[in-house]
Amino acid sequence: MRITALLAGTAIVLASLAVPATARNKDKAEAPKAAPFNKDPYPSTYHAYPGVPTAVTNVTVYDGEGGKFVNATVYFRDGKVEAVETGGAVKDGYAVIDGTGKWVTPGIIDVHSHLGDYPSPGVEALSDGNEATGPARPEVWAEHSVWPQDPGFSRALANGGVTTLQILPGSANLFGGRSVTIKNVYARNVQGMKFPGAPYGLKMACGENPKRVYGSRGQMPQTRMGNMAVNRQTWARAVEYKRKLDKGEAVSRDLGMETLAGVLSGEILVHNHCYRADEMSLVIDMAKEFGYKVSTFHHAVESYKIADLLAKEGICSAMWADWWGFKMESYDAINENIPLVHKAGACAIVHSDDANGIQRLNQEAAKALGDGRRIGVNIPDEVAWTWLSYNPAKALGIADKTGSLKPGKMADIVLWNGNPLSVYTRPDKVWIDGALMYDAADPKRRPVADFELGQPGEGDVK
Amino acid sequence: MKHLLLGMAAIISAPVAAETIAITGGKVVLGDGSAPIDNGTVIVTDGRVVAAGAKLVVPAGAKQVDASGKWVTPGIVAGFSRLGLVAVDAVEPTNDTAAKQSPFNASLTVAPAINPDVAAIAVNRAAGVTRAIVSPEASNVIFGGQGAVIDTGADFNAVTKAKAFQFVEFGETGARIAGGSRPALIAAFKTAFAEAAEAAKGVFPDNALLRRQDALALVPVINGTMKLFIHVESAPDILSVLALKKDYPLLNMVLVGATEGWRVAPQIAAAKVPVLASALNDLPDSFEQLAATQSDIGRMKAAGVKVAIGMINDNDARQAQLSMQYAGNLVALTKVPGATGLSWDQAFATITSVPADIVGMGAEIGSLRPGRRGDVVIWDGDPLELTSGVTRVWIDGVEQSLASRQTRLRDRYMTPSEGDLPNAYDR
């Protein structure tokens, strides 16, 4: 994740000032050229809602980076974390919330969601996640599909404690298009949800889905070797396109190539749906062949087979705790995948890919933790929380902004009504950028999407 | 639960005639909704529970198993599943849940298709699931066929009860299958029952919609000797289903899914119709589930409905192992203002004795009451808690292997890099 930390926040500035896209171009001989296009044409208009300076006292804290504090006080103000302290009197000037018996963690970050592009209700008219009209569709952007009224956002908030999520295109295509990272705050349009300064991602997919979708139509790819051929040919075009861009040569605008050039220059992060160890290994070499880096393998059910390789390459694995067997490429999934990846020193992430699963990512982490401990992989609870906030933040290039409770970071905070790795625990309160966006005790702090207004179940506990 | 061993899944201790097992010292949960018993004993003789509780005398000659510090419960009963019918969902030849091209429907019976070799059997057994209610899917006609009750033992005798119920799709799916509307669905339903009534009299009209064997298969349904599992989600559809009781008073209905059951819970309770409900649906996933909430089961239970957890269309061929997590989540709701959950004891019963009762087998499975089959699980902690796991499993008094291809893969790749030989030699 070296690249991502560097980039977070810079893309927006570059775009708005029309500073050259080639600032990081390796070709030092070339003078920087003006970007021939606006890199941020649908800018974030997200803003934090008002909050009050708050001290949550007497809590157990997992700080998201592996730290644990007992009987601590968490301070935040002006949308930012101020401090996590133990001992001493509570400072003046804060609204005090007594959290005795409760836990505080950073908000959960789901690196793999289709909320908004495969929303509820799951009707054809709202199914906007796969532009399955060609295996390489890097030109599409998930944010142009995200329906900001998906009721699923509210469930992810209230039951899941999810404060940030990446919405990805689906996996019908080898190149699925751009992802968008959003704050879990309802808005009238997707721009109002977009995480300020988060880099874009590129969704890619290995394996069964692309070859099935196109092979069944008698089109390429029909095989895994076809997958790789289309991938490589597309990357070869992208390398050529970027070379022209870097040299300032005239090029026709090509939205797909712009995205891939963004990957090659390190501005856009690759999120690659890839179940099998052998295919992940091929993708790693392909990335080297064309000069890009994979941020994260998603649905990486076989990461445990190459955990050493993934650690060496610095690639994250986004995993389920116990999904398996629904398709051939998920047949070798094991319940100890997450702890074994962690044990190898690789970056482990718990992800959902599911409007239900996103409500229980903490529970998924707990299951994996227990399964790991039973085979002697003893990971402390507070370290396991890195799978839920800090590691996904790294994978998304936003770890300098959120994902842990370090002072100065966004006050994306969950107060849990008990141990968050227990099945008996739910969010009590959730703050996003210091604003109270969910309160279990206050029905008015429970968002209700437009779709649900005036329909059965409106505003109910869910 | 007989003695045939399956491949690698070797049974740890073979059954012995007149064997008595006494599991002592654990926290014993009977599964019938009663509170856990500290330092309890479970005695199983010849494959049946003879006693479970506190202060029991261990019979002379019993094989003793120390469960100190652990929990001892009946095996989990998967309340609605397709376990044993599928090896890999998306690998069509291995998926025996539905038969779109078949000319038959209500007469299809899953029992002979239960495959104890599918990985899901071993995986769920190792997770503590010892019995499952297994249903076919409906595909070309609203009636899917006859479901079974099975065990998850490592042998070739999986079927506990064949033809335990008939399955029918109501609501959106039923309407689609019936031709595209709810009126078409009701017509299909009533016509099928009329033809079954004729079939009972030996009359098979030439222009019947159902084939002879399908009409005959519905005879025990209309006379109430076979349960009818009805998948239905919305409140209006549930009321339509309950109204069918006026026309067919003998119907022995069980509602499946029932996402909006809470809205009509008093009516369901008054009709004395039990429910195998989806525990955690809380999204308006379809227009028949607009009022979905995780409080559905708690509210139905509070209204007097007999309700257990089922998992229709929720990875139901593989993930019965999530039953414990789902039940635990219902307990979590008791701490959420405005929500309705279940007590721990009630929640545990929704995955053991209540589904067993609903399928008509409460005297056989689902609890550690005397006379029940010796399906016993020892857990290293609270069985509903996420970090807990299973340490030992018995089915019909026979101790089971906890190995699966998942544990074999895990063991092979504990250290992923190759040693002196490729990993393929490591087993």
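Q: Radius of gyration here is taken over C-alpha atoms, and the globule rule is 2.2 Å times the number of residues to the power 0.38. So what radius of gyration does chain A have against that rule?
A: This is a predicted model, to start with. Chain A has 22 Å, and a compact globule with its 462 residues would have a radius of gyration near 23 Å, so the value agrees with the rule.

Q: And what is the radius of gyration of chain B?
A: Chain B has 22 Å as well, and for 427 residues a compact globule would be near 22 Å, so that agrees too.

Q: What do the C-alpha traces span along their principal axes?
A: For chain A the trace spans about 65 × 50 × 50 Å. For chain B the spans are about 65 × 50 × 45 Å.

Q: How many helices and strands are in chain A?
A: Chain A has 12 helices and 16 strands. The secondary structure of chain B also comes to 12 helices and 16 strands.

Q: What percentage of each chain is buried?
A: In chain A, 58% of the 462 residues count as buried. In chain B, buried residues make up 56% of 427.

Q: What about contacts between residues far apart in sequence?
A: Take the contacts in chain A between residues at least 6 apart: 70% of them join residues at least 24 apart. In chain B, residues 24 or more positions apart account for 68% of the contacts with a separation of 6 or more.

Q: Switching to the interface. How many residues of chain B are in contact with chain A?
A: 44 residues of chain B, and they are in contact with 48 residues of chain A.

Q: Which elements of chain B give two or more residues to that side?
A: Helices α1 (119-126), α9 (323-332) and α12 (405-412) of chain B. The largest share comes from α9(B), with 5 residues.

Q: How does that side divide by residue class?
A: It divides into 22 nonpolar, 14 polar and 8 charged residues.

Q: Now the sheet in chain B. What is the strand order?
A: It is an open sheet of 8 strands with mixed pairing, in the order β6-β7-β8-β9-β10-β11-β12-β13. The edge strands are β6 (76-81) and β13 (307-310) of chain B, and each pairs on one side only. From one strand to the next the twist averages 30 degrees.

Q: Which helix packs on it?
A: Helix α6 (residues 235-247) of chain B packs on the sheet and touches β10 (227-232) and β11 (253-257) of chain B. The direction of α6(B) makes about 155 degrees with that of β10(B).

Q: At the β6(B) edge, in which sense does the strand pair with β7(B), parallel or antiparallel?
A: Parallel, over 4 bridges, with β7(B) covering residues 129-134. B:Val77 has B:Arg131 as its bridge partner in β7(B).

Q: And β2 with β3 in chain A, parallel or antiparallel?
A: Antiparallel, over 6 bridges, between residues 68-77 and residues 80-86 of chain A. A:Val84 in β3(A) is the bridge partner of A:Val74. The two strands form a hairpin with 2 residues between them, and A:Asp78 in the turn has a positive phi of about 50 degrees.

Q: Where else is there a positive phi, in chain B?
A: B:Asp46 has phi near 50 degrees, and B:Ala258 has about 55 degrees. Most residues other than glycine have a negative phi.

Q: Where do those two lie, and how buried or exposed are they?
A: B:Asp46 lies in the loop between β2 (37-45) and β3 (48-54) of chain B. With 14 other C-beta atoms within 10 Å, B:Asp46 is partly exposed. B:Ala258 lies in the loop between β11 and α7 (265-270) of chain B. B:Ala258 has 34 other C-beta atoms within 10 Å, so B:Ala258 is buried, the cut-off for buried being 20 or more.

Q: Which residues do cis peptide bonds join in chain A?
A: One joins A:Ser120 and A:Pro121, with omega about 0 degrees. Another joins A:Met220 and A:Pro221, with omega about 5 degrees. A:Pro121 is in the loop between β6 (108-113) and α3 (152-158) of chain A, while A:Pro221 is in the loop between α4 (208-215) and α5 of chain A.

Q: At what angle does α5(A) pack against α6(A)?
A: Helix α5 (residues 224-247) and helix α6 (residues 255-264) of chain A pack at about 85 degrees, with their axes 9 Å apart. That makes the two helices roughly perpendicular, because angles of 65 to 115 degrees count as such.

Q: Which residues meet there?
A: Among them are A:Trp235, A:Tyr241 and A:Leu245 from α5(A), and A:Met257 and A:Leu260 from α6(A). By class the contact has 9 nonpolar, no polar and 2 charged residues.

Methods: Residues numbered from 1 in each chain as written. Chains lettered and ligands numbered in written order. Predicted model: local features only at pLDDT ≥ 70, side-chain atom pairs only at ≥ 80, totals over all residues. Contact = placed C-beta atoms within 7 Å. Nonpolar A, V, L, I, M, F, W, Y, C, P; charged D, E, K, R; others polar. Pairing = 2+ DSSP bridges. Axes fitted to C-alpha atoms, helices over the stretch in contact; angles between N-to-C directions. Parallel < 35°, antiparallel > 145°, perpendicular 65-115°, else oblique. Buried ≥ 20, exposed ≤ 12 C-beta atoms within 10 Å, placed from the backbone.
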